[in-house]
Amino acid sequence: MSRTLRVRQSQTVVPFGVGAVFDIQGESFVATGIGDWPTRGRQPVESARLADRLGVTGFFAAPATANDRFDIADAPGAPYIRFPSWLFCGACRRMKRWRIADEKHGQAPRCPACSPARTLAPMRFVQICQAGHLGDVDWWFWAHSRRDGGERRQCAEREKLKFLVSERASGLEALSIACTAKGCGAVRDLLDVLGTHGLRCSGRNPWQRAGEAARCTKPVQIVQRTAGNLYYPVVHSALDIPEPDAPQLTDDAVADQVREHHLWVSLCRAPESPRATVFRGMIQEDTGADDALLDTLLAEETGGAGPATTTTTPGGPARPDLSREEWAAFMGPASPATRDFALRETTLGLAGETAEPWSSLAGRFGRVVLVDRLREVRALSGFTRVSPDATVVPADTSHRLRWLPAVEVFGEGIFLTLDHSALREWEEHPDVRRRVAGMRADLDRSFQKDRLENVTGPELAPRFVLLHTLAHLLIRQLSFESGYTTASLRERIYARPEQNQYGILVYTAAGDAEGTLGGLVRQGEPPRLAETLLRMTEAAAWCSADPLCAEHTGQGFGNLNRAACHACALLPETSCEAGNSLLDRALVVGGEDAPGFLESIVTAARAAAATALEEA
């Protein structure tokens, strides 16, 4: 029976973007580079702001079609090719090297030696390297090699192999590769198959031609084809917001004062250093220049777009910082609604409230904006293998194209800020700074440092950990109240001190052009949001893993989390900007070592509950 393999358009960026290996209906494929995409049927995706930051001419989305053809030249959608090419038969255990010429339209691979023909299954292991290359394991080499590194058996037949299973052993020791060539009999089990074995890297990915192979000296690692370190996509996203007016230099005298300031040269030399925030503040205090004027002058001086345009890291990919314009759109006067962006300001509905814990809640939160409609563009610029900070392979491995694959999604959201004066007072507390300094030290030692600095900014600030944890807690609480699952909600953290940011956006984005049903925005209307925030705070004060979770000094990848675990604060990876790291529930609700920003709400809620219980 003919089968149809479909990949949704939204999946062509994440999780099945260029370079990703995925299983579907018992078969395994890899997504090819965009150089193999057909020119017909590509759908343009508009996002001038993101294109400008990434330095590309534009974006295209692949048409959502049936991907059951493997002749790349005329494939109807984003092409996917079979990988690994080594397959085996579950009946006779023969292994076969499958080639594109062997494909039959609408049919899965069949064993040529069995009758009736059995469907072939893909081998479980593949090889990768830090240069981003992916390839089949040389199973002939494996079968004819020795575990002790001794001399290999000599055999001229390279494809007469069997994938055997022994009933006398268990685990990988029960699996072995055997050569069936006449007079050979070489065999080796897979007990130590994972890791490095001196295999040679092919210098290319499966969709690249032999002539595109590069000389690669990186060590090869054998991993399972579904391993987590096989694919790390580099994805950028931007909200479609009204374009801000270009800043104009209306006061030449102020501009001259800025250029003549004694700190101006130091700021221009290092506009992204931790000291730049201090330099900017002193220059603005002495001259009266606003952020827009200072950014424009910096752009003219350095030839860029100001210190907040792009975050560049030495060991990882540069990610554009688009938060400045988005922050301004949410904090400024509401602009006229457009087809892709509509927002309205509201409140918690606690004005004049004197009863606890509502008055404490009102004193900790600031602006509330309901985003009835938003459009997000997600673009894939490349991927890495082995680790996130390894060599980035571009989406166009041919290096000829100047566009990127992208998808557009529509949704709704809630934008929420903290009380600025209360936040600054909390940030200056010695215990808060000491606790975040420990997290910053762990971040400096982590292999994820370069990637996370793209999100946190030049230096990890207490407000980032607070707002990031708060966003996770709010998403978990909203999943109970709005009807969306946690995987359907996403966060956007605005916590850069150098840009005076102190808010979060919790939003949902779906692939349908009509957006979502309004359930999230409804939860942001008064008094629902205040009730949600109170329930969130009360729930965060206790975790089922306490006291172990609350007193933890380092958990998660690289010990980058403190009081945060799967029972209280972690989210699906697709919902989090920072990969479920840099979280600390104690900074929200309080702990033994640091005061929580919302600790007064927890105390007031408990006191109010005790009073009500006594009166009852």
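Here is a short back-and-forth about why the features of this predicted model get the labels they do.

User: What makes the overall size fit a compact globule?

Analyst: The radius of gyration is 28 Å, and a compact globule with 616 residues would come in near 25 Å, so the protein agrees with that expectation. Along its principal axes the C-alpha trace spans about 90 × 70 × 50 Å. Within that there are 16 helices and 23 strands, and 53% of the 616 residues are buried. As for contacts between residues at least 6 apart in sequence, 70% of them join residues at least 24 apart.

User: Why is Ser 47 called buried?

Analyst: Its relative accessibility is 13%, and buried means under 20%, so Ser 47 makes the cut. You'll find Ser 47 in the loop between β3 (43-45) and α1 (48-54). Leaving out residues up to four places away in sequence, Ser 47 touches Phe 59, Ala 238 and Val 377.

User: And what makes Phe 341 count as buried?

Analyst: Phe 341 has 2% relative accessibility, against a cut-off of under 20%, so buried is the right word. This residue belongs to strand β18 (residues 341-346). Setting aside residues up to four places away in sequence, Phe 341 touches Asp 240, Ile 241, Pro 242, Phe 330, Ser 335, Pro 336, Val 371 and Arg 373.

User: How far apart are Phe 341 and Arg 375 in space?

Analyst: Their C-alpha atoms are 6.7 Å apart, with the two positions 34 residues apart in sequence.

User: Why is Ala 495 put in the buried class, and where is it?

Analyst: At 4% relative accessibility, and with buried meaning under 20%, Ala 495 counts as buried. Ala 495 is in the loop between β22 (489-494) and β23 (503-510). Its contacts, again without residues up to four places away in sequence, are Arg 463, Phe 464, Leu 467 and Gln 501. From Ala 495 to Ile 24 is 471 residues along the chain, and their C-alpha atoms are separated by 40 Å.

User: What makes up the largest nonpolar core?

Analyst: That core has 81 residues, and Phe 330, Phe 365 and Leu 533 have the most contacts inside it. Helix α12 (residues 462-481) gives the most to this core, with ten residues. Leu 533 touches Leu 348, Leu 361, Phe 365, Leu 416 and Leu 474, not counting residues up to four places away in sequence. Another core lies apart from the largest one; it has 46 residues, including Val 30, Val 45, Ala 78 and Leu 230. In soluble globular proteins, nonpolar side chains tend to be buried together.

User: How do you know that α14 is roughly perpendicular to α16?

Analyst: Helix α14 (residues 528-540) packs on helix α16 (residues 599-615) at an angle of about 90°, with the axes 10 Å apart. Angles of 65 to 115 degrees count as roughly perpendicular, so α14 and α16 earn that description.

User: Which residues make that contact?

Analyst: From α14 come Leu 534, Thr 537 and Glu 538, and from α16 come Ile 601, Val 602 and Ala 605. By type, the residues of this contact divide into four nonpolar, one polar and one charged.

User: Which peptide bonds are cis, and what is omega there?

Analyst: One of them runs from Val 14 to Pro 15, with omega near 10°. Pro 15 is in the segment before β1 (21-24). Another joins Pro 526 and Pro 527, where omega is about 0°. Pro 527 sits in the loop between α13 (519-523) and α14.

User: What makes Val 386 and Asn 580 worth a look in terms of phi?

Analyst: Most residues other than glycine have a negative phi. Val 386 has a positive phi, near 75°, and Asn 580 also has a positive phi, near 55°. Val 386 lies in the loop between β19 (365-384) and β20 (393-394), while Asn 580 is in the loop between α14 and α15 (586-589).

User: Are those two buried or exposed?

Analyst: Buried means under 20% relative accessible area. Val 386 is at 12%, so Val 386 counts as buried, and Asn 580 is at 9%, so Asn 580 counts as buried too.

Definitions and conventions: Residues numbered from 1 in each chain as written. Predicted model: local features only at pLDDT ≥ 70, side-chain atom pairs only at ≥ 80, totals over all residues. Heavy atoms only, no water. Helix = DSSP H or I, 4+ residues; strand = E, 2+ residues; numbered from the N terminus. Buried < 20%, exposed > 50% of the residue type's maximum accessible area, 1.4 Å probe, protein only. Contact = heavy atoms within 4.5 Å. Core = buried A, V, L, I, M, F, W, Y, C linked by side-chain atoms within 4.5 Å. Axes fitted to C-alpha atoms, helices over the stretch in contact; angles between N-to-C directions. Parallel < 35°, antiparallel > 145°, perpendicular 65-115°, else oblique. Nonpolar A, V, L, I, M, F, W, Y, C, P; charged D, E, K, R; others polar. Rg over C-alpha atoms; globule rule 2.2 N^0.38 Å.
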